[in-house]
Amino acid sequence: QSARRSPDASYPMVDYAVDTVMLLQQIAADIGVRLPLEAISADDERLSANTHHPPHADSKAQQALPCAIVGHSMGAMVATLVAAWVPHWISALILLDALAILTVADDAMVSHMHAGLKARLAPQLPPMVYPQWSQLLRVRQRYTPDLNTTDLHLLALRGSTKTDTGWYWHVAPKVRAPSIHRFSTGQVRHLLASVRCPVKAW
């Protein structure tokens, strides 16, 4: 279980996706491979083959580094953004306990941002405690109603802790708070259409 962020911090999904891109670039650099943000086009390949001074003489430096990227929960949204931004890097997208990228209607953008602002400025409250295991399980089931009973119990056990007073979720309360920025439905459709690799979701 990782530590929570400080009370004045938030959980910015887009920034996490940028961090992931930077991490992949660093991993590639460590093994001597360059990851260009732009995919090398067929025209670039033909130009390199027909010139005595190719623009990218070191083939390894221009080699793509396809990788499978795994995202869990909010990380599934982060992984989807990365796969849409740099599809030529990603060979497979694996989404566990996945959340779809949340959207907001155009005419609700300001009210949603206001709600996100209030949540950002609100004091961090202690986690809600559920006296009975069945109560916590029902809350978890609302988010993933299609899960079978075994998987539902496993996920609930993984994400919760039992105390003398009952059960509570590990997740920081601010993770569940509304984000200040959300994409529109059209923007999410465009993002998903940009993902080129096979996708497997559980």
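Where is Ser-73 found in this chain? Let's start there, and then walk outwards. Ser-73 sits in the loop between strand S1, residues 67-72, and helix H4. One thing to look for at Ser-73 is a positive phi of about 55°, although this residue is not a glycine. Ser-73 is partly exposed, with a relative accessible area of 25%. Before going on, please keep in mind that what we have on screen is a predicted model.

Now, the whole chain. There are 202 residues, and buried ones make up 30% of them. The secondary structure comes to 8 helices and 5 strands. If you trace the elements from the N terminus on, they run α-α-α-β-α-β-α-α-α-β-β-α-β. Take the contacts between residues at least 6 apart in sequence: 72% of those join residues at least 24 apart. As for the outside, the accessible surface comes to about 13,100 Å², and carbon and sulfur atoms account for 59% of that.

Let's go inside. In soluble globular proteins, nonpolar side chains tend to be buried together. Here, the largest nonpolar core has 28 residues, and Val-82, Ile-90, Leu-93 and Ile-101 are those with the most contacts inside it. Which elements give two or more residues to this core? They are helix H1 (13-30), helix H4 (74-85), strand S2 (90-96) and H8. H4 gives the most, with 9 residues. Apart from this core lies another one, of 9 residues, and among them are Trp-133, Leu-136, Leu-152 and Trp-167.

Ile-101 is a good residue to click on next. Leaving aside its neighbours within four places in sequence, Ile-101 is in contact with Met-13, Met-77, Thr-80, Leu-81, Phe-183, Val-188 and Leu-191. Now move along to Leu-102, in the loop between S2 and helix H5, residues 109-121. Is Leu-102 buried or partly exposed? It counts as partly exposed, because its relative accessibility is 43%. Not counting residues up to four places away in sequence, Leu-102 touches Met-77, Arg-182 and Phe-183. Leu-102 and Val-188 are 86 residues apart along the chain, and their C-alpha atoms are separated by 8.3 Å.

Next, a residue further along the chain: Ser-184. You'll find Ser-184 in the loop between strand S4 (167-169) and helix H8 (185-193). Ser-184 counts as buried because its relative accessible area, 13%, is under 20%. Beyond its neighbours within four places in sequence, Ser-184 is in contact with Thr-103, Val-104 and Asp-106.

On the other side of H8 we come to Val-195, in the loop between H8 and strand S5, residues 199-201. Val-195 is buried as well, with a relative accessible area of 17%. Which residues does Val-195 touch, not counting those up to four places away in sequence? The answer is Thr-80, Ala-83, Ala-84 and Leu-93. You can also pair Val-195 with Ile-90: they are 105 residues apart along the chain, with 8.8 Å between their C-alpha atoms. And Ile-90, you may remember, is one of the residues with the most contacts inside the largest nonpolar core.

Let me jump back to the start of the chain for a moment. Ala-9 lies in the segment before H1, and Ala-9 is buried, with a relative accessible area of 13%. Its C-alpha is 9.9 Å from that of Leu-121, although the two residues are 112 apart in sequence.

I'd like to finish with a pocket, the second largest one. How much space lies in the second largest pocket? About 460 Å³. The lining has 19 residues, and those that lie nearest the centre are Pro-126, Met-128, Pro-173, Lys-174 and Arg-176. By kind, the lining residues divide into 15 nonpolar, 1 polar and 3 charged. Helix H6, residues 133-143, gives the most to this lining, with 3 residues.

So, two places to look at when you open the model yourselves. One is the largest nonpolar core, with H4 giving 9 residues to it. The other is the second largest pocket, with its 15 nonpolar lining residues. Thanks for listening, everyone!

Methods: Residues are numbered from 1 along each chain as its sequence is written. This is a predicted model: local features need pLDDT of at least 70, side-chain atom pairs count only at pLDDT 80 or more; totals for chains, interfaces and linings use all residues. Side-chain values use heavy atoms; hydrogens and water are left out. On a 1 Å grid over the protein atoms alone, a cavity is a set of points where a 1.4 Å probe fits but cannot get out, and a pocket is an open set with protein on both sides within 12 Å along at least five of seven lines; lining residues have an atom within 4 Å of a point. Grid points are joined across faces, edges and corners, and a volume is the space filled by probe spheres set on the points. Helices (H or I, at least four residues) and strands (E, at least two) are DSSP runs, numbered from the N terminus. Ala, Val, Leu, Ile, Met, Phe, Trp, Tyr, Cys and Pro count as nonpolar, Asp, Glu, Lys and Arg as charged, and the others, Gly among them, as polar. Buried means under 20% relative accessible area, exposed over 50%, partly exposed in between (1.4 Å probe, protein chains only). Contact means heavy atoms within 4.5 Å. Accessible areas come from the Shrake-Rupley method with a 1.4 Å probe; for residues, only the protein chains shown count as cover. A nonpolar core is a set of buried Ala, Val, Leu, Ile, Met, Phe, Trp, Tyr and Cys residues joined through side-chain atoms within 4.5 Å.
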